[in-house]
Structures are given as C-alpha cells and as structure tokens.
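Here are my notes after a pass through the model, in the order I'd go through it on screen. Have it open while you read.

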There are 2 protein chains.
Amino acid sequence: MENDQTLALLDFFKALAEPNRLKIVGLLAREDLAVEQIAAMLNLRPSTVSNHLSYLVHAGLVSARPQSYYNVYHLEVTALQEMARRLLSHETLQAAAADVDLDAYDRQVIRNYTGPDGRLKQLPSQFKKMQAVLRYVVQVFEPGVRYSEKEVNERLARFHDDTATLRRELVEQGLMAREGGGGQYWRVVSED
Amino acid sequence: MENDQTLALLDFFKALAEPNRLKIVGLLAREDLAVEQIAAMLNLRPSTVSNHLSYLVHAGLVSARPQSYYNVYHLEVTALQEMARRLLSHETLQAAAADVDLDAYDRQVIRNYTGPDGRLKQLPSQFKKMQAVLRYVVQVFEPGVRYSEKEVNERLARFHDDTATLRRELVEQGLMAREGGGGQYWRVVSED
DNA sequence: GAATTAAATCGATAATGATCGAATTAGTTA
DNA sequence: TAACTAATTCGATCATTATCGATTTAATTC
C-alpha cells in the first residue's frame, strides 16, 4: 500500500462496509442529524453511533458542526461523489497495486526450474510457467541489437539444449521478432 | 437493510475494504492472473488468496475462467463501474435507510416530556426537541381545514397552557400557516 | 495407473471491530 | 455555583475475519 491515494480509498471502503454505517449515510442524505437522533432511529447506544461516525468523519464523508452544546453531523455529498468518480478511472485501481512485487511469481518459477549452474532442468509444459521462463531468458538479448539465428542459438544454449523450442516460443509470445524469412532476430521491448 | 440493492452495495464495499483485496483488484486491472501468481506477488498462501477471491467473486467484481486445470481470474470492469455510477445517484443512498424507524427520536422526546395524562410537563428549550414536540401536536389539526385563532388555542390547550408559544412556533417552523393578519390558520402538509 | 499440480475447503488461531455501560468532558440552564 | 445534557472516550465482551497448514478435489503429465 504505502500510497496516500490508496489509503484514502481503503478508508472510504472501510467506512461504508458496515450495515449501520450505510444506514447512517442514508439518513444523513435526507437531513443533518445529531448523534442522539441517529441512535434513536437505529436503536443503538449513542456511544456506538459516535464510534461509527468517527469512521465516516475519518474518511471525509461526514463532517461535524457544533451547535449550541451538541454536534450536528452533515453528509459531504461532494466528497462521496468525488470518490465514486475516482473509481471510474483505471489508474486509481492500478495504483492500488503500485508497490506489489510483480516479478515474484516469475522468480519462483525460475527457482524451481533452474539448477545450481543456472541452466533449466527442463522446459515447463504449463503455459504460465513457460511465459515466466521466456521473460527470464530473453534478458540475454540487448534491446536494439540484431542477432543471426546462430547467435540466438548460442545464447539460448546457456539455458537449455532445446534451443529451437525456446527460439520459436520467444517469437510466438512476442518477446522477440524475426525479419521475414531472413536470419535476423531482435528483442521486442514491452510497453509496461 | 432487507433491501436487495443495498445488500449488493454492502457486499461491494466489504469486498474492497481490505488492503490485500484492493491490491488483487489492482493486479487484475493489469492482466488476468491465476491464484498461484497472485499468491506469489502478495507473499500470501494460495488458500488465503482463494478466500479473498471468493469475496470479490461474490460481489460480482471478479470472475473465474477454468483454463486447463487451473483457474484464471478476471476483473469485471463494467460491474465495478456500474457500482461506482450507482453511488453517484442520491436515491441509492436514501434506499440504504429505507427500513429505518425515522420517528423513533420524536417518540422518545414525547415520552420524556408528557405525563400520564398526555399533556406536556414543559416546553423544551432545545431546538431539536421543540421540533419533535411540534410535529407531535400539529397532528390534532386536520389537513385542509381552516381554524380560527380561538379554535387553534383550544386544541393546543390540550397539551400545554402556553398556547401562544406553541402557536407561534408552529407557524415559525412552517408546520402551520396563517392568512395575512386575519385569524385563519391551517396545517401545512409536508412533501416527505 | 501413478505421480504431479492448482485450487478449494476445513480447522485452528490471532487480530480487528461492533457494541454496550460507565466515566469523563464540555457546554447550558437555572 | 449547581444541576443537567450531549457527546466522546474508555474498558470489556462477543462476533467476524484474515491467515495459515493440512486435507481434499480435480485435472494433467509421464
């Protein structure tokens, strides 16, 4: 997590992920109310309602206005709609996974399929795992450099004897490209 | 609660109100993933991830597609945006408080201020409570009927001797209206 | 058919949170 | 100043749930 944006999003969801708090928001959508009034309507003790309201205030969905010697709570409709609007954008969700270790699975597969010499003990039959292996081996090719088929095979041979399969899969998965018919290969750089 | 719409809303919030589940959604926003992959990325056991995914599936935010002999999970972006859009409408929130006892607070105030004879022991000084009392006493007037000031006082006297204050407050709070200067009063019907 | 693999389910544990009553705070009325 | 009122905070209890390891299920590979 770590991310400010995402923490706010989490507080937002936590605030609304409880039945009585949803009801409180529904009541405040009609009119401003004091703790005592909400407590009577929901048949809860004022201390309980106070606790619920603290979640809503912390999420910025509700504000308290002192009036004479009690507090009147008010729904911040704009804050709520702002959050909802933010949910409609794709970047918001991707940011939630900002600090996740995206390569952890690949490393796990590599660890299982390579011996102490760094060579592949075998080629995975599973699609997922083959992809992880391919993303690993493709790193021996420099972006922007052209390689002959012989050079490609030499480099792939460091990992496994079946260089033909590796080469074909690399092209099929779009990690490398080949000039039509000729012997020129190069690494494709992903846009991620 | 009881309400289908609201229950779905609650499941939606519950599904997203947990840090690791938010991260899973963020990961699935990039690409479809299998349980094992997610588990490696988040450094959690597959059983834990499976549990989290069941919440997301139940909320309709994620779907599972069997592929060879494992499951590939997919983010239902449209379902998520549909929920977000629903949040932007006011009716959705009001529906959350559909089955709440809106008059519970008023009854509580009336109970505290009336004696066994049904008369008011005193008039509340607090604004909130006075409003509750006024909503109570105004019910002795029929909607659509016009009353002289004398008739108004007679009816209010059933509740308290200070009929002048009650009459003035009823008009001030918009619960009754008076014809300019003349002695004609009538009950105002609220739109709620 | 036997061994392997991914995922789900189950049982247990530890952490979080919903709720209440009691005590405290702060502002109000008399 | 004293008594009152609304709200918050505190301490305790009970329910929910996040997590793990072990077991089970189902599909795959050899």
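1. Start at DNA strand C, and keep in mind that this is a predicted model. A polar side-chain atom of A:Ser47 sits 3.3 Å from a base oxygen of that strand. The phosphates get attention too: A:Thr48 has a side-chain N or O atom 2.8 Å from a phosphate oxygen of DNA strand C, and a polar backbone atom of B:Asn71 is 3.2 Å from a phosphate oxygen there. The elements giving two or more residues to this surface are α2 (19–30) and α4 (46–58) from chain A, plus α3 (35–42), α4 (46–58) and β3 (70–75) from chain B.

2. Which element gives the most to the surface near DNA strand C? That would be α4(A), with five residues. In total 23 residues surround this strand, and A:Asn20, A:His52, A:Tyr69, B:Ser50 and B:Tyr73 come nearest. Sorted by class, the surface has eight nonpolar, nine polar and six charged residues. If you look from the DNA side, 88% of the atoms of DNA strand C within 4 Å of the protein belong to sugar or phosphate, and bases make up the rest.

3. Now DNA strand D. Here B:Ser47 has a polar side-chain atom 3.4 Å from a base oxygen of the strand. Chain A joins in through A:Val35, with a polar backbone atom 3.4 Å from a phosphate oxygen of DNA strand D, and through A:Tyr69, where a side-chain N or O atom is 3.3 Å from a sugar or linking oxygen of that strand.

4. The residues around DNA strand D number 24, with A:Ser50, A:Tyr73, B:His52, B:Tyr69 and B:Lys129 coming nearest. At least two residues each are supplied by α3, α4 and β3 of chain A and by α2 (19–30) and α4 of chain B; α4(B) gives the most, five residues. The class split is eight nonpolar, ten polar and six charged. For DNA strand D, sugar or phosphate accounts for 88% of the atoms within 4 Å of the protein, with the rest in bases.

5. On to the protein–protein side. How many residues of chain A are in contact with chain B? The count is 51, facing 51 residues of chain B. About 4,800 Å² is buried between the two chains, with carbon and sulfur atoms giving 70% of that area. The rule finds two salt bridges across the interface; one of them joins A:Lys128 and B:Glu36, with the closest N and O atoms 3.3 Å apart. It also finds six residue pairs in polar contact. On the chain A side, α2(A) supplies the largest share, eight residues, and the residues on that side divide into 32 nonpolar, nine polar and ten charged.

6. Helix α10 (residues 163–172) of chain A is worth a look. Its buried residues are A:Thr163, A:Thr165, A:Leu166, A:Arg167, A:Glu169 and A:Leu170. Their cover includes α8 (127–137), α9 (149–156), β5 (176–178) and β6 (184–187) of chain A. Just after this helix, A:Gly174 takes a positive phi of about 80°.

7. One last stop, in the segment before α1 (4–16) of chain B, is B:Asn3. Is B:Asn3 buried or partly exposed? Its relative accessible area is 22%, so B:Asn3 counts as partly exposed. B:Asn3 and B:Ala96 are 93 residues apart in sequence, yet their C-alpha atoms are 7.7 Å apart in space.

Technical notes: Residues numbered from 1 in each chain as written. Chains lettered and ligands numbered in written order. Heavy atoms only, no water. Near = heavy atom within 4 Å. Polar contact = N/O pair within 3.5 Å; in protein donor to acceptor, adjacent residues only side chain to side chain. Helix = DSSP H or I, 4+ residues; strand = E, 2+ residues; numbered from the N terminus. Nonpolar A, V, L, I, M, F, W, Y, C, P; charged D, E, K, R; others polar. Buried < 20%, exposed > 50% of the residue type's maximum accessible area, 1.4 Å probe, protein only. Contact = heavy atoms within 4.5 Å. Buried area = accessible area lost by both parts, 1.4 Å probe. Salt bridge = Lys/Arg side-chain N within 4 Å of Asp/Glu carboxyl O.
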